[in-house]
Amino acid sequence: DYETTTVTEVASLQQQARHTICYLSAGSWEDFRGDASDFPASVRGTVMDGWPDERWLDIRRMEVLLPIIAARMDICVAKGFDAVEPDNVDGYLNETGFPLTAADQLAFNRAVAELAHVRGLSVGLKNDVDQIPDLVDHFDFAVNEECFRYDECDLYQPFTQAGKAVLHVEYEGEMDFCAESKELGLSSLLKPLDLTAERQACPDAPAQ
C-alpha cells in the first residue's frame, strides 16, 4: 500500500531479494485516504459494489486526476518501491455514474502507465482483460484476480508471449488450476480474499 507501507518495510523486503509493488487505486475515490479531499465532488461517481468506502471516478477528468495519481506515485518512489499497481482501471465496464467509453479507459490507462515510467517505476495492468491487446505494450506486467473463476486466463497470452509476468490469484476453491496455469505461463497462487492466511503458490512458476 502506497500510504501505509513504510520505507523500512520496503527495504526489508528488498533485502530478501523480493520485488516490491506499490498499490494505489487510480480509478476510485477512497474516503479513508489522506488526499481524499483533493478529489472534487464532481469527479466522484457511484459507490463501488462491495466496497462501501469507495466511489468510481470520472476518468475523463484527467486534468484533475493525473496530478493526484502522480503525487501518489512520488510517494512510491520515495519509499523505494520497484513498481506500481494502479487498481480499478476498468471503470468503463461498470456502473460508475459517468458515460465512460472504452476509448476513455484506454487514454486514462496509458496516461497512468506513462506517469509510472517517467518515474522509473514498472507498472502492472490490473484486470481490464478486454483491453489487453491495446495496453500490453504500455504495461510491464499484469495482475489478475480470479481469471480461472471467470474463464479469462487465456486472454493474457499477449503478456506471456511478450515475456511479461502475469501475477494471478484465486480467492476460492482448491489448488486445481496449477497445471493449466503453468501451461499458460502464469504465476499463480491461492489466497483468502481477506488476506489473512498464508498464500499457497503453484510450484514451478515461470521465471519472467
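How many residues does helix 3 have, and how far does helix 3 reach from its first C-alpha to its last? In this predicted model, helix 3 has 17 residues and reaches 24 Å, close to the 24 Å expected at 1.5 Å a residue. The paragraphs below set this helix in its surroundings, starting with the chain as a whole.

The chain contains 6 helices and 10 strands. Its C-alpha atoms fill a box of roughly 45 × 40 × 30 Å along the principal axes. For 208 residues, a compact globule would have a radius of gyration near 17 Å, and the 17 Å of the chain agrees with this. Of these 208 residues, 49% count as buried. Contacts that bridge long stretches of sequence are well represented: among contacts between residues at least 6 apart in sequence, 60% join residues at least 24 apart. Towards the outside, the chain exposes about 10500 Å², and carbon and sulfur atoms supply 51% of that area. As for charge, there are 16 positive and 39 negative side chains, with the centres of the two sets 5 Å apart.

Helix 3 is a good place to begin with the packing. The residues of helix 3 that count as buried are Gln105, Leu106, Phe108, Asn109, Ala111, Val112, Ala113, Leu115 and Ala116. These buried residues pack against helix 2, strand 5, strand 6 (122-126) and helix 4 (132-135). After helix 3 comes Gly120, with a positive phi near 75 degrees.

Helix 2, one of the partners of helix 3, can be read in the same way. Helix 2 covers residues 62-78, and its end C-alpha atoms are 24 Å apart, in agreement with the 24 Å that 17 residues should span at 1.5 Å a residue. Its buried residues are Val64, Leu65, Leu66, Ile68, Ile69, Ala70, Arg72, Met73 and Cys76. The cover over these residues includes strand 1, strand 2 (28-30), strand 4 (51-57), strand 5 and helix 3. Just after helix 2, Gly80 takes a positive phi of about 90 degrees.

Two of the buried residues of helix 2, Ile68 and Arg72, also turn up in the surroundings of Asp35. This aspartate is found in the loop between strand 2 and strand 3 (44-48). Asp35 counts as buried because its relative accessibility is 13%, under the 20% cut-off. Leaving aside residues up to four places away in sequence, Asp35 touches Tyr2, Ile68 and Arg72.

A second acidic residue in a loop, Glu146, lies between strand 7 (141-145) and helix 5 (157-161). Glu146 has a relative accessible area of 7% and is therefore buried. Beyond residues up to four places away in sequence, Glu146 touches His168, Val169, Glu170, Tyr171 and Glu172. Strand 8 spans residues 166-170, and Val166 lies in that strand. Val166 is buried, with a relative accessible area of 1%. Although Val166 and Ala142 are 24 residues apart along the chain, their C-alpha atoms are separated by 4.7 Å.

Positive phi values also occur in residues other than glycine. Ala17, in the loop between helix 1 (7-15) and strand 1 (21-25), has a positive phi of about 65 degrees although it is not a glycine. Asn88 is another case, with phi near 60 degrees, and its place is in the loop between strand 5 (83-87) and helix 3 (102-118). Is each of these residues buried or exposed? Ala17 counts as exposed, because its relative accessibility is 69%, whereas Asn88, at 11% relative accessibility, counts as buried.

Finally, Thr8 offers a view from helix 1, the helix in which it lies. Thr8 is exposed, with a relative accessible area of 61%. Thr8 and Leu184 are 176 residues apart in sequence, and the distance between them in space, C-alpha to C-alpha, is 36 Å.

Methods. Residues numbered from 1 in each chain as written. Predicted model: local features only at pLDDT ≥ 70, side-chain atom pairs only at ≥ 80, totals over all residues. Heavy atoms only, no water. Helix = DSSP H or I, 4+ residues; strand = E, 2+ residues; numbered from the N terminus. Buried < 20%, exposed > 50% of the residue type's maximum accessible area, 1.4 Å probe, protein only. Expected span 1.5 Å × (residues − 1). Contact = heavy atoms within 4.5 Å. Rg over C-alpha atoms; globule rule 2.2 N^0.38 Å. Areas by Shrake-Rupley, 256 points an atom, 1.4 Å probe, with all protein chains shown as cover. Lys, Arg positive; Asp, Glu negative; His and termini not counted. Charge placed at Lys NZ, Arg CZ, Asp CG, Glu CD.
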